Amino acid sequence: YGPTCSSGPLGGDAEIGALMCVNDLGGMFFFTDPLDPHPHISDVFALIRMADLHNVMHASNPSTGDALVRVLEKGLKKPELIPSFYASRVTPAVSWHESNPSGALYDKDAEHAAHLRMAACAGAGGGGATNR
């Protein structure tokens, strides 16, 4: 079901990205060998980021691929189970970033205060692992 694309080093990631940009991709299977270095790893990261941005279901390993196939089988009979497969749905973060041009998704001062509290707890013996 759907197009078959070239291998990543031969432009497959660009082909998939193009399908996402024209809202013609409901899901993708993009496997890489985790033990093999990839000279095009930045392209792989860009593709995963695009999938997240466009809210596209994606499988990056056989286990996730198997689960995705099972969901798609059910979703073909009941489309309401996987609405993002049938209609483009950009992640909600996009609208947030458009309305907050500073780009700060979290309160940096609150994060810093939380780090200080954690450091204080660790220093008082309130955290950390011990060997028994």
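Phe29, Phe31 and Val69 together form a nonpolar patch on the surface of this predicted model, and their combined accessible area is about 270 Å². Of these residues, Phe31 lies in the loop that connects strand E1 (27-29) with helix H2 (41-53). Phe31 is classed as partly exposed because its relative accessible area is 45%, a value between the 20% and 50% limits of that class.

The loop between E1 and H2 also holds Asp33. Asp33 counts as partly exposed, since its relative accessibility is 39%. Although Asp33 and Ser60 are 27 residues apart along the chain, their C-alpha atoms are separated by 9.7 Å.

The overall architecture gives these positions their setting. The chain contains six helices and two strands, and their order along the sequence follows the pattern α-β-α-β-α-α-α-α. Among contacts with a sequence separation of 6 or more, 55% join residues that are 24 or more positions apart. The accessible surface of the chain amounts to about 9,700 Å², and carbon and sulfur atoms account for 58% of that surface. Of the 132 residues in the chain, 20% count as buried.

From the surface, the description turns to the interior. The largest nonpolar core has ten residues in all: Ile16, Leu19, Met20, Leu25, Met28, Phe30, Val44, Leu47, Ala51 and Val56. Helix H1 (12-21) and H2 are the elements that give two or more residues to this core. A second, separate core consists of six residues, including Leu68, Leu72, Ile82 and Phe85.

Met20, one of the residues of the largest core, illustrates how parts of the chain are brought together. Leaving aside residues up to four places away in sequence, Met20 touches Leu25, Met28, Leu47, Met50, Ala51, His54 and Val56. Among these partners, His54 is found in the loop between H2 and strand E2 (57-59). Is His54 buried or exposed? His54 counts as buried, because its relative accessibility is 18% and the limit for burial is under 20%. With residues up to four places away in sequence again set aside, His54 is in contact with Met20, Asn23, Arg89 and Val90.

Asn23, a contact partner of His54, is placed in the loop between H1 and E1. Asn23 counts as partly exposed because its relative accessibility is 48%, whereas His54 counts as buried. The C-alpha atoms of Asn23 and Val56 are separated by 9.8 Å, and these two residues are 33 positions apart along the chain. Val56 itself belongs to the largest nonpolar core and is also touched by Met20.

The confidence of the prediction should accompany any reading of these details. The average pLDDT of the chain is 78, and 82% of the residues score at least 70. Among the elements, helix H3 (residues 62-77) has the highest mean pLDDT, 90, while helix H6 (residues 108-123) has the lowest, 72. Over residues 126-132 the pLDDT is below 50. Beyond near neighbours in sequence, this stretch has three contacts in the model. Where pLDDT is low, predicted coordinates should not be interpreted in detail.

Notes
Residues numbered from 1 in each chain as written. Predicted model: local features only at pLDDT ≥ 70, side-chain atom pairs only at ≥ 80, totals over all residues. Heavy atoms only, no water. Patch = residues over 30% accessible without salt bridge, like charges linked within 9 Å, V, L, I, M, F, W, Y side chains within 5 Å. Areas by Shrake-Rupley, 256 points an atom, 1.4 Å probe, with all protein chains shown as cover. Salt bridge = Lys/Arg side-chain N within 4 Å of Asp/Glu carboxyl O. Helix = DSSP H or I, 4+ residues; strand = E, 2+ residues; numbered from the N terminus. Buried < 20%, exposed > 50% of the residue type's maximum accessible area, 1.4 Å probe, protein only. Contact = heavy atoms within 4.5 Å. pLDDT = per-residue confidence, 0-100. Core = buried A, V, L, I, M, F, W, Y, C linked by side-chain atoms within 4.5 Å.
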